[in-house]
Every structure is written in structure tokens, then in C-alpha cells.
Amino acid sequence: MDQSGRPARKETERAGLATRVVDPDEDLVSRVGQGDPAAIQAMVARKLPRMLALAQRMLNDPSEAEDVAQETMLKAWRQAPRWKPGKARFDTWLHRVALNLCYDRLRRRREVLTDAMPDRADPGPAPDHGLQAAQLGARVDAALAALPERQREAIVLCHYQELGNIEAAALMEISVEALESLLSRGRRTLRATLAETARSEGVLK
């Protein structure tokens with residue numbers, strides 16, 4: 001401390017540095033904010049597939065997922081010039097934007113009562129093993145879509161987006177313990193649903 005009883009300047013600076021979030025996208029976001037065309041292309045190449053995968057698994061609708069991913073990237077491009085590095089990772093903020101857009105669409109679905117099923121992408125002709133893989137993927141997608149939204153979000157963030165439990169919990173604004181509970185319940189439900197589907201289709205006896 002200095003003579004006034006306040007922490008010395010170097011100690012304060014060290015404390016500030018200790019809490020600064022390391023962001024692998026910091027330089028890229030800065031260049032996007034400056035309008036660098038190569039950086040914008042790199043941002044799209046790096047982030048668009050992840051946002052598309054996130055939206056697809058949350059919405060189970062390819063058309064809506066594409067809209068969400070594109071809108072998320074548009075918001076990223078607009079936010080880049082105003083982004084303040086050090087407080088949060090840009091990728092975490094991007095996930096939150098995409099999730100919010102997904103929940104907006106899920107909320108609208110609940111408000112519009114309809115029995116119509118969402119369009120699914122046509123996988124086209126495939127060899128037997130490819131068809132079997134596609135069928136398994138469709139079963140997993142359907143089971144995931146049937147989960148309660150918070151369980152689905154936890155599983156998508158941790159297993160598909162490969163976020164750590166701490167980051168996923170912060171993103172969902174819950175404790176790590178609550179996240180782990182959601183993951184545990186979601187996994188149990190997925191296993192039970194997939195087993196029941198397999199039995200009904202004669203895969204399991």
C-alpha cells in the first residue's frame with residue numbers, strides 16, 4: 001500500500017491483469033471492426049459453421065437454423081467495432097446471441113399452435129451404411145429436439161459446441177452444479193428415448 005492506505009499502483013495493475021479474459025479471437029475481432037475484408041471472411045469461416053450447428057440442434061429446422069446463423073454473424077459484424085476486449089470472450093458472446101435468437105423462434109412456435117412438422121433437408125440417395133448413419137442421426141436429432149429446452153441447451157453447448165462446464169454454465173447464467181444436473185438428466189432422457197425408439201423399430205428386442 002502507499003502512504004494513503006490505498007493499494008500501490010503496480011499491485012492494482014497486476015490485479016486488473018489477473019482478471020482480464022484471454023480471448024483467441026481478440027485480434028480477429030479488432031481487424032473485423034476496422035473493416036478488414038480478409039478478417040471478415042476469416043470470421044465467417046471460423047464462426048458460421050459453429051453457429052449453424054448450434055442453431056440446427058436447438059431448432060431442428062435447417063431453414064430456421066440458417067437464418068439464425070446468418071443473423072448472428074450480422075450482429076457480430078456490427079458489434080466488432082464496439083467490442084471491448086478483456087471482459088468476456090467474443091465466442092461466448094456470439095453463442096449467447098445465437099441462443100437468444102433460437103429461443104425467440106422457439107417462443108414463436110409455442111405461440112402459433114400448429115400440427116405441421118418442420119421441413120427436413122432431403123439427404124438424397126446414399127449407400128446402405130450411409131443411410132443407416134443418416135437414420136441414426138435423425139433419431140438423435142429427434143430425441144434431442146424432444147428434450148426440455150434447458151437440458152437441450154446444456155447438452156448442445158457441452159457436447160456439440162465443446163464448451164467447458166464453467167463457460168457453458170456462465171453462458172446459461174447458472175451454477176456449474178446446476179449445469180451438471182441438466183446434463184445428467186438430459187443424457188438419461190436421451191438414452192431412454194433412443195432405446196425406446198430402437199425397440200419400436202425392431203432394432204432392440
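**An aromatic cluster, a helix residue and a helix crossing**

Trp93 has a relative accessible area of 23% and is therefore partly exposed. This description, like those that follow, concerns a predicted model. Trp93 shares helix H5, which spans residues 90-111, with Phe90. The two residues are three positions apart, about one turn of the helix. Phe90, in contrast to its partner, has a relative accessible area of 0% and so counts as buried, the limit for that class being under 20%.

The aromatic rings may be considered next. A pair of aromatic rings is described by the distance of the centres and the angle of the planes. Three aromatic pairs are found in a search of the whole structure. In one of them, the ring centres of Trp83 and Phe90 are 5.1 Å apart and the planes stand at 90°, which means that the arrangement is edge-to-face. Both Trp83 and Phe90 are buried. Phe90 also forms an aromatic pair with Trp93, with a centre-to-centre distance of 5.3 Å and an angle of 35° between the planes; this pair is tilted. Through such ring pairs, Trp83, Phe90 and Trp93 are linked into a cluster.

Attention now turns to helix H3, formed by residues 37-59, in which Val44 is located. The relative accessibility of Val44 is 33%, so this residue is classed as partly exposed. When residues up to four places away in sequence are left aside, Val44 touches Pro49 and Met73. A further relation in space concerns Leu74: it is separated from Val44 by 30 residues in sequence, while the C-alpha atoms of the two residues are 9.7 Å apart.

The last topic is the packing of two helices. Two packed helices are described by the angle between their axes and the distance between the axes. For helix H8 (residues 165-172) and helix H9 (residues 176-200), the axes come within 9 Å and cross at roughly 95°. Because this angle falls in the range of 65 to 115 degrees, H8 is roughly perpendicular to H9. On the H8 side, the contact involves Asn165, Ile166, Ala168, Ala169 and Met172. These residues meet Val176, Leu179, Glu180, Leu182 and Leu183 of H9. By character, the residues of the contact of H8 with H9 comprise eight nonpolar, one polar and one charged.

Technical notes. Residues are numbered from 1 along each chain as its sequence is written. This is a predicted model: local features need pLDDT of at least 70, side-chain atom pairs count only at pLDDT 80 or more; totals for chains, interfaces and linings use all residues. Side-chain values use heavy atoms; hydrogens and water are left out. Axes are lines fitted to C-alpha atoms, for helices over the stretch in contact, and angles run from 0 to 180 degrees between N-to-C directions. Helices (H or I, at least four residues) and strands (E, at least two) are DSSP runs, numbered from the N terminus. Angles under 35 degrees count as roughly parallel, over 145 as roughly antiparallel, 65 to 115 as roughly perpendicular and the rest as oblique. Contact means heavy atoms within 4.5 Å. Ala, Val, Leu, Ile, Met, Phe, Trp, Tyr, Cys and Pro count as nonpolar, Asp, Glu, Lys and Arg as charged, and the others, Gly among them, as polar. Buried means under 20% relative accessible area, exposed over 50%, partly exposed in between (1.4 Å probe, protein chains only). Rings of Phe, Tyr and Trp (its six-membered ring) pair if their centres lie within 6.5 Å; planes under 30 degrees apart count as stacked, over 60 as edge-to-face and the rest as tilted.
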